[in-house]
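Open the model in your viewer and keep the selection panel handy. We will go from empty space to a sheet and then to a pair of helices.

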Amino acid sequence: MLNSQVIRKSGPEVDPLWLGAGRSVADLSKPQILIDSTYGDSHPGSRHLNTLAESARNAVYAAQAMPALYTVTDICDGVATGHAGMNYSLVSRDLIAGMVEIHARASAFDGLVTISSCDKAVPGHLMALARLDLPGLHVSGGSMAPGPRFISADTCYETNLRVAEGNMTAEEEWYYKRNACMSCGACQYMGTASTMQAMAEALGMSLPGNAMIPANTSLITHLAADAGAQAAELIRRDLRPSAILTRAAFENAIKVHAAIGGSTNAVLHLPAIAAEVGIQLTLQDFETLTAGIPLLAKTLTAGRWPTQYFWYAGGVPAVMRELRDQLDLSVMTVTGHTLGENLEELERTGYFRRSEEMMEGYGLTPRDIIHSAADPVDSDSGVTILRGSLAPEGAVIKHCAVDKSMHHFIGRARVFDNEESAVAAIYEDRIQPGDVVVIRYVGRRAAGMPEMLKATDAICNKPALCRSTALVTDGRFSGATRGPSVGYLLPEAAAGGPIAYVEDGDVIEIDVKKKVLHIIGLKGQRCTEGEVTQALEERKVGKVLPEFHHKGVLKYLSSVR
C-alpha cells in the first residue's frame, strides 16, 4: 500500500485537511508526489525554479498522481563569500536535506521531485533522495546565459581590484556588473553548482541532458514536465534511488567529474550522498578511479567556454559517450533504463545531432568544447590528492586550473588565521612572489569550512602573484578557483593538524606529479625530514589551540560530514 494511503487509513483527519488544501476527493487516493524546490528570491540560481515546479506539477497531475509544492530556498555562495555568512554555506546543505526529509516523512509522500541549481542545494537534494529512498528524481535548474565576451559574476572580482588600483573607471566597472548575470540559472563556469548538476546526471538521478541546460530556454520547462511525469512512472515501477545509487554509479560520477575538470567540492559532496545509501567514498577513491581519465573539457574559469556552450556541445551525455569504455554502462537510471540504453536512445532521437547543429550556428563544432578521448585537452584529468608532512590525511588541488609551471612549487609560508587578514595582506602588497599564503582555522570544526574565493581571486588577479604564489588552507574553495590553491588539508588546524604549527618563513613544497605537500624547511632554510618533525613537535609544547564556540545552527558543525 502507498505511504499516503496508510496515513489516510490510520488518521481520519487527513482527508479533510487535504481537501481544505484544495485536493478533490478523487485526488486523495492518487499517489502523492512531493515537489520540493529551492525557489526564492535568494539568487539567480533559484529565482526561476517556481516555473519549473509548476511545469512538473502539471505533468504529475496529468499522469494521474497528486503533486504538492514545497520550498526551502538556499543561500548564494557568491553573496556570502568573504564574510561570516560563508560559515553557513556547507551546513546549509545538510539543513536543506533535513527539511526535505521532514516534508516527505511528516506527510508520508509516495514520490519525490527535487528542483535546485546551486552549490549546496543540489547535493542537499541528492542526499534527501538517497536518505528517503522514495521513487523520485532531481531536476537541475540549468545554467545562466553568458555575458558579452563571456563576462560572468566571477569577472567582477578582477574589475573591483582594477578600480581600487586606479586602472578602471567606476563606469567601466558598472558595465561589467550590469552584463555579468544575463539570466537566471547557475553561474556560467564549472563551479560547484554546475559540477553538482553534472554529478546528479552522472549518478543517474536526473534525466539525460539536464545538467547545465540553458535556463533561459523552453527546453528546461519541457524537461521539468518530463521529470514530473517520470516521477509518477517511478512510483508505478517502484524504482527507488537505492537501485540507482550503487557503488558503480558513484564510480561513474567520479570519472565524469575528472573528465570535466569539476569543482574540488565534489570530494565533500559525493561522499556525503554515498553515505546516505551506506557506501563509503574516500579521497583514495578519487585518486584511484581518476587514474587514466583524460580531461575532455575546459570550461570557465580554468578554460575558455561558459557552461551553456558545454551543454550545446552535448553536455554530460557527450562526455559519458567518450568515456563509455571506462564507465559501467549497465547501471540503472531514473529513466528506467541503463546508462548504455540512455546513450543509444539519445543517439537515435537526435540529441547529438542537435549538438552538431547548435555548434555550427556559433561557427564551432562540439569538439571545440568537448574533446574526444583520443584527442583530450590533457591526458591527465583535473583533481589531485596530495599527502605529506603538512597534510598526512590528504589535501586537494584542482591541477587542471593551475599553470603547469606551478605544478612543482617551493615557497615561504605566510601564515594567517583567517581569510580576511590574508586578503588584506594580498591587496596591500605584503605578499611577494615566492610566498605560500597559509590560511588556517577555517576547516569544518573551526568555521564550517568556508570557501576561500576572495583570497584565491586576490592572488590570481595580481599579475605579479598569479604564477608565483600559492595558497594552502584547511578551508575549501569555490569551484571557480583557479591557480595553485591547495585546500581541505586534513587534519585541520583546529584538530591539531600540522598546519596549526606552521610559522612564517617555513619552506613548503607542492608537487602535483609526486602528489606531495611537505614542509621542507624552517625559517627560510632547507632542513631534513627529521629536523622538521622535531621542530613541529617542539612547537606543540605549550601551544594552546584556539577553541571555537558556535551559536545557532553552527552548533551543528560537529556532525557535518
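A pocket here is an open set of grid points where a 1.4 Å probe fits, with protein on both sides within 12 Å along at least five of seven lines. Keep in mind as you look around that this is a predicted model.

**Stop 1: the pocket.** Select C76, G78, V79, A153 and Y189: of the 37 residues lining the largest pocket, these are the closest to its centre. The volume of this pocket is about 720 Å³. Now colour α4 (44–47), α6 (77–80), α9 (155–164), α10 (170–180), α11 and α24 (453–460), the elements that each give two or more residues to the lining. Colouring by class shows 17 nonpolar, 11 polar and nine charged lining residues.

**Stop 2: the sheet.** Next, show the four strands of an open sheet, in the order β2-β1-β3-β4 and with parallel pairing. At its edges are β2 (66–71) and β4 (136–140), and the twist from one strand to the next averages 20°. Zoom in on β3 (residues 111–116), which is joined to β4 by five bridges; here V113 is opposite L137. Then add helix α7 (residues 89–106), which packs on the sheet and touches β1 (32–37), β2 and β3. Helix α12 (residues 218–237) lies across β1, β3 and β4, at about 170° to β4.

**Stop 3: two helices.** Return to α11 (residues 192–202) and add α14 (residues 247–260): their axes come within 9 Å and cross at roughly 140°. The crossing is right-handed. Which residues of α11 make the contact? Select T195, A198, M199 and A202. Across from them on α14, pick A249, N252, A253, V256, H257 and I260. The contact residues comprise seven nonpolar, three polar and no charged.

Methods. Residues numbered from 1 in each chain as written. Predicted model: local features only at pLDDT ≥ 70, side-chain atom pairs only at ≥ 80, totals over all residues. Heavy atoms only, no water. Axes fitted to C-alpha atoms, helices over the stretch in contact; angles between N-to-C directions. Left-handed = near helix turned anticlockwise from the far one by under 90°. Contact = heavy atoms within 4.5 Å. Nonpolar A, V, L, I, M, F, W, Y, C, P; charged D, E, K, R; others polar. 1 Å grid on protein atoms, 1.4 Å probe; cavity = no way out; pocket = protein on both sides within 12 Å on 5 of 7 lines; lining within 4 Å. Points joined across faces, edges and corners; volume = space filled by probe spheres on them. Pairing = 2+ DSSP bridges.
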